[in-house]
Structures are given as C-alpha cells and as structure tokens.
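Work through the exercises below with the structure open. Try each task before reading its solution.

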Amino acid sequence: MAIAMRGSKCRSPILLLCFFLSLFAIQIHAKNQKQALDALYKSKFFKNSNAAVSEELFVNDAVKNADDFLPAVEIYDQTGLKRQDRIGRLPGQPPRAKLSQYGGYVTVDKSAGRAFYYYFVEAQHNKNSLPLLLWLNGGPGCSSLAYGAMAELGPFRVRSDGKTLYENKFSWNHVANVLFLESPAGVGFSYSNTTADYKNNGDRSTAIDNYAFLVNWLERFPEYKERDFYIAGESYAGHYVPQLAHTILAHNRNANKSIVNLKGIIIGNAVINDETDQFGMYDFFASHALIADRTAADIRKYCDFSAEAREQSRQCIAASNEVELNIGVVDIYNIYYPLCRNGSLTARPRKATVMSYDPCTDYYTYAYLNRAEVQSAMHANVTRLGYDWEPCSDVIVGWTDSASTVVPLLREFMDSGLRVWVFSGDFDGRVPITSTKYSINSMNLPVKTSWYPWFVAGEVGGYAEVYEGELTLATVRGAGHEVPSYQPRRALSLIKNFLQGTSLPTSHSPPS
C-alpha cells in the first residue's frame with residue numbers, strides 16, 4: 001500500500017517545527033507503548049509492506065492549515081475544584097501510607113467537550129519548596145497512569161490480585177511534586193465529546209492541548225504558579241515533552257512574562273530523530289546478537305528512514321521481516337527480562353517488591369483501574385465512558401502528524417538556558433542507547449565532560465557525558481525502556497540530580 005505523504009508550509013512559532021513534520025493518519029490500536037510505537041513507524045516507513053497492511057495502517061494526504069499566531073488558550077473557572085479533586089485514600093492503599101494526592105478532570109476545550117484526566121501526588125516532605133514535575137508517557141496513545149504512575153515512579157504499584165497496592169519507596173515524590181497526565185483525548189480516562197477528535201490527534205494538537213491543560217491546572221493549584229517547573233517523559237514523549245516545552249516558551253515570549261516557570265526537560269529512551277533512531281535500533285539488535293550482522297547491513301544498505309521516505313525497497317522489507325522473526329520472541333522493552341507468561345489475577349496477592357519488576361504488571365493495573373470503587377475514589381470516568389480504561393488507547397483511530405526530529409527543539413532549549421537531560425536504559429531494544437547516542441551525536445556538540453561512570457549505592461548506576469550548552473546524556477545500567485520500573489533506585493538518583501542541577505556522582509558511596 002504505497003500512499004504519498006505531503007508536507008505543509010508553516011509560519012507560526014507554535015507550529016512545533018512543522019517544517020520537519022510528516023503528515024499522515026494512522027490507526028494506532030495497541031496494547032502497550034512498544035506496539036503503539038511499532039505501528040507509528042510502520043505507517044511512516046513500511047506503508048508499502050505486508051506488515052503495514054496486516055496492521056491496517058493507512059496514510060492520507062490531508063493537511064491542516066496553520067494559523068499565523070499562537071492559538072488562544074481559554075482559562076476556565078477553577079473555583080472549588082481542587083478541593084473536590086482531593087483523594088483521601090485509594091482502594092487497597094497500604095494502611096500506613098500517607099500522602100497528599102489529587103485526581104480529576106481539567107477541561108482543555110469546552111466547546112468540543114474535551115477534558116484531560118490527571119493524577120497529582122505532592123512531595124512527601126517540603127512540598128512547599130520542591131519543584132513541580134510533569135510526567136508524560138508516549139505511545140502515541142499510552143497512559144501516564146498505566147506506566148508512569150502505577151508501574152514506574154508513582155507512590156504505589158498494583159499487586160497481582162488487581163485490588164491492592166504496595167508502596168514504591170523510590171517514588172519520585174521524594175524529590176518533587178509529581179503530576180501525571182493522560183493525553184491526548186482518548187487516552188486512559190481523558191475524553192472528548194467530539195468523536196472527530198479521536199481521528200485527528202497528532203503532535204501539534206497534543207502540544208496545544210497539553211499547554212491548555214497546564215495553565216488551567218495552575219489556576220486550580222495557584223500555589224504552583226511560581227514554582228520551578230520541569231517536564232519529564234519517555235518513549236514517544238520524546239516528542240510530547242519538547243513540543244510542550246517549545247509551546248510554553250512561545251507563550252512566555254508572546255506575553256513577555258513567565259506564564260509557566262519552565263526550568264528544564266528530561267526524556268528517557270526517547271524518540272528524538274527518526275533516521276538515527278531507526279538505524280540505532282537495528283545496530284543494537286545486531287550488537288546484542290538478536291539479529292545477524294548481515295541483516296543489519298542490509299537494513300543500512302536498502303532502507304530509507306529519512307523524512308523524505310515514501311516507500312521501502314523490496315530488499316529493505318525482506319530484511320525487516322527477518323528482524324521481526326528474530327525479535328518477536330523476546331521482550332524488546334528489556335531484552336534480558338522474562339516475558340509475562342500468565343497475566344491472570346491471583347486470589348491472594350503474590351509477594352512483591354519494587355526491586356523485582358513483575359512483567360505482568362500491565363494486567364494488574366488494567367484490573368485495578370477498571371474497578372468502579374477505584375474510579376470513584378480517583379474521580380475518574382465521571383461521564384461513564386462507553387469503553388474501558390486501557391494502558392494504550394483503542395479509541396484513538398488517527399494520528400495526523402509526527403515530527404521527523406525534535407533535535408532543533410533541543411538546541412532551542414539549550415540556547416534558552418533550559419536544563420536538558422536525555423537518559424537511556426541500556427537494556428532497551430525499542431529506543432536503545434545506540435539510537436540515543438546517534439541522535440545526540442548528530443548535534444555535533446562540543447564535549448564538556450567526557451564519558452564517565454556514575455554511582456549510586458556503591459555500584460555503577462550508569463554512564464554519562466555532558467556537552468557544552470549543559471545537555472547531559474546518561475545511561476541507566478540494567479534498565480529497560482521504562483527505566484524506573486527496572487531500576488527504581490538508580491532512576492530516583494538520576495531525577496534527584498537533574499532537579500537539583502548537580503552532576504551525577506562520580507565516586508562510590510556506601511549502600512543506603
């Protein structure tokens with residue numbers, strides 16, 4: 001199925017580097033972040049292959065006309081909504097666990113009936129001085145509740161019974177006030193009353209809606225308006241995070257004041273630059289003995305992952321099919337981790353610890369967040385959606401635009417004095433460290449601090465390099481795609497140093 005793609009001419013500062021955008025529509029039904037990202041790339045680069053046809057992907061040539069100015073953001077009345085959003089206790093929450101948590105909806109477009117669900121956990125100590133951190137998961141179309149909040153960096157994880165929770169002692173609310181957002185419309189509990197929105201999501205509209213959410217949320221929680229603000233995320237949030245940051249900077253410049261006090265961004269195993277991301281993935285497969293060297297060589301010789309790619313050669317498709325046969329039997333999120341063999345719930349919860357991640361966690365989280373008493377406690381699904389909560393959306397049926405690169409945005413942030421960190425779990429095969437290194441290397445930045453090991457709890461936590469302009473690249477040793485899931489202690493050390501603006505520790509320290 002070979003269908004042409006068309007670009008558009010853009011002039012507005014809010015258009016998120018639209019001169020790099022590949023415009024298309026794609027069905028992104030997926031069960032997890034990997035499948036969602038696979039579907040996206042098949043639509044971009046393998047639309048003339050059998051794999052693309054079997055996924056029922058499609059591309060159209062519809063191009064949205066660009067506005068010449070920043071879209072106006074309407075601020076809605078937030079009176080009394082913070083109090084209503086307060087969550088006393090979550091069902092199954094450990095008895096001794098005490099924290100300040102909120103959940104609810106923020107309207108981003110009243111005329112369309114579009115509202116985003118958030119879950120907010122204030123810092124366990126010093127909440128009045130610690131920064132505000134927004135976490136975004138990717139996909140596109142995957143939930144920050146499913147991954148970030150319930151399986152990575154939130155205060156709790158779900159037990160195997162799908163009813164009870166256990167504490168994450170390495171939760172990021174030890175070092176920040178953490179806000180989780182389900183976006184765009186159709187993801188998790190977030191919704192729109194305009195069904196066309198589910199066909200027309202994309203990078204640009206997501207950034208605009210995420211900004212509308214943020215400024216309205218700050219009206220609901222005005223004590224955070226002046227607080228240092230950071231954005232973090234992983235996977236396809238390698239697009240969401242920089243694009244939201246770009247939008248914030250554009251609004252700040254337009255208003256000639258700091259509407260949002262943005263200080264920096266940090267992205268993990270992030271989609272950054274299509275061409276280098278793709279070649280880096282196949283090189284990782286070959287260097288880790290998942291595919292033959294000759295297969296990787298064929299990919300490099302015959303495949304075109306540039307922004308101008310229209311369709312792939314017969315030789316490229318054959319090589320990519322060979323890759324699929326080899327990698328389909330392992331968890332590409334963490335190539336050394338076991339697969340989930342049985343996602344059934346247990347009558348009694350199995351013993352669980354955050355230091356030993358359960359590969360069936362998705363199933364437990366799905367069961368928990370679809371419980372009526374959980375949704376009631378979290379003030380979720382208040383409109384009684386006609387579909388269940390899913391870790392990755394099965395109601396979003398279109399993705400209209402996806403930037404081929406966010407590298408120019410990273411340069412913009414460095415020039416603006418923002419803190420920029422990029423990290424990578426070194427066992428991830430989906431957006432592996434090779435991809436991230438290739439993408440950063442494409443920026444040709446002078447090295448400030450050469451590649452070095454960093455330490456936590458007496459062990460090497462990973463490796464890092466710092467570039468002129470204060471961009472830091474860091475690996476997290478032994479982690480997969482969702483770094484805090486596999487290495488929670490190391491992930492907490494990483495985010496703590498990022499937020500404090502300190503270098504990752506270069507010497508051994510005793511275990512704590």
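**Exercise 1. Is C316 buried or exposed, and where does its disulfide partner lie?**

Solution. The model is predicted.
- Step 1. C316 has a relative accessible area of 0%, so C316 is buried.
- Step 2. A disulfide joins C316 to C303, with an S to S distance of 2.0 Å.
- Step 3. C316 sits in helix α9, while C303 lies in the loop between α8 (293-302) and α9 (314-327), so the link ties together parts that are 13 residues apart in sequence.
- Step 4. The torsion about the S-S bond of C303 and C316 is 100°, and the link is right-handed.
- Step 5. C303 has 8% relative accessibility and therefore counts as buried too.

**Exercise 2. How many disulfides does the model hold, and which parts does the one between C142 and C392 tie together?**

Solution.
- Step 1. Apply the cut-off: two cysteine sulfur atoms within 2.5 Å make a disulfide. The count comes to three disulfides.
- Step 2. C142 and C392 are joined at an S to S distance of 2.0 Å.
- Step 3. The torsion about their S-S bond is about 105°, so this disulfide is right-handed.
- Step 4. C142 lies in the loop between β5 (132-136) and α4 (145-152). C392 lies in the loop between α11 (372-377) and β12 (401-403). The pair therefore ties together parts that are 250 residues apart in sequence.
- Step 5. Check burial. C142 is buried at 1% relative accessible area, and C392 is buried at 2%.

**Exercise 3. Classify C340 and C360 as buried, partly exposed or exposed, and place their link in the chain.**

Solution.
- Step 1. The sulfur atoms of C340 and C360 are 2.0 Å apart, and the two form a disulfide.
- Step 2. Both C340 and C360 lie in the loop between α9 and α10 (361-369), 20 residues apart.
- Step 3. The S-S torsion of C340 and C360 is 105°, which goes with a right-handed link.
- Step 4. Buried means under 20% relative accessible area, and exposed means over 50%. At 26%, C340 is therefore partly exposed. At 6%, C360 is buried.

**Exercise 4. Which polar atoms lie by the side chain of S192?**

Solution.
- Step 1. Locate S192 in strand β9 (residues 191-192).
- Step 2. Its relative accessible area is 7%, so S192 is buried.
- Step 3. A polar atom of the S192 side chain lies 3.5 Å from the backbone oxygen of A112 and 3.0 Å from the backbone nitrogen of T194.
- Step 4. Beyond four places in sequence, S192 touches A112, G113, R114, A185, D197 and Y198.

**Exercise 5. Which strands pair with β11, and in which sense?**

Solution.
- Step 1. Strand β11 spans residues 262-268, and six of its seven residues are buried.
- Step 2. Strand β10 (residues 229-234) pairs with β11 in the parallel sense over six bridges. F229 stands opposite L262 in β11.
- Step 3. Follow the chain from β10 through helix α6 (residues 237-255) to β11: this β-α-β crossover is right-handed.
- Step 4. Strand β13 (residues 419-425) also runs parallel to β11, joined by five bridges. There, V422 is the bridge partner of I267.

**Exercise 6. Which residues have the most contacts inside the largest nonpolar core?**

Solution.
- Step 1. This core has 148 residues.
- Step 2. Y119, F213, W217, I231, F285 and M378 have the most contacts inside it.
- Step 3. Take W217. Outside four places in sequence, W217 is in contact with V106, Y118, F120, L132, L179 and Y224.

Notes: Residues numbered from 1 in each chain as written. Predicted model: local features only at pLDDT ≥ 70, side-chain atom pairs only at ≥ 80, totals over all residues. Heavy atoms only, no water. Helix = DSSP H or I, 4+ residues; strand = E, 2+ residues; numbered from the N terminus. Buried < 20%, exposed > 50% of the residue type's maximum accessible area, 1.4 Å probe, protein only. Polar contact = N/O pair within 3.5 Å; in protein donor to acceptor, adjacent residues only side chain to side chain. Contact = heavy atoms within 4.5 Å. Core = buried A, V, L, I, M, F, W, Y, C linked by side-chain atoms within 4.5 Å. Pairing = 2+ DSSP bridges. Right-handed = clockwise from strand over helix to strand, strands pointing away.
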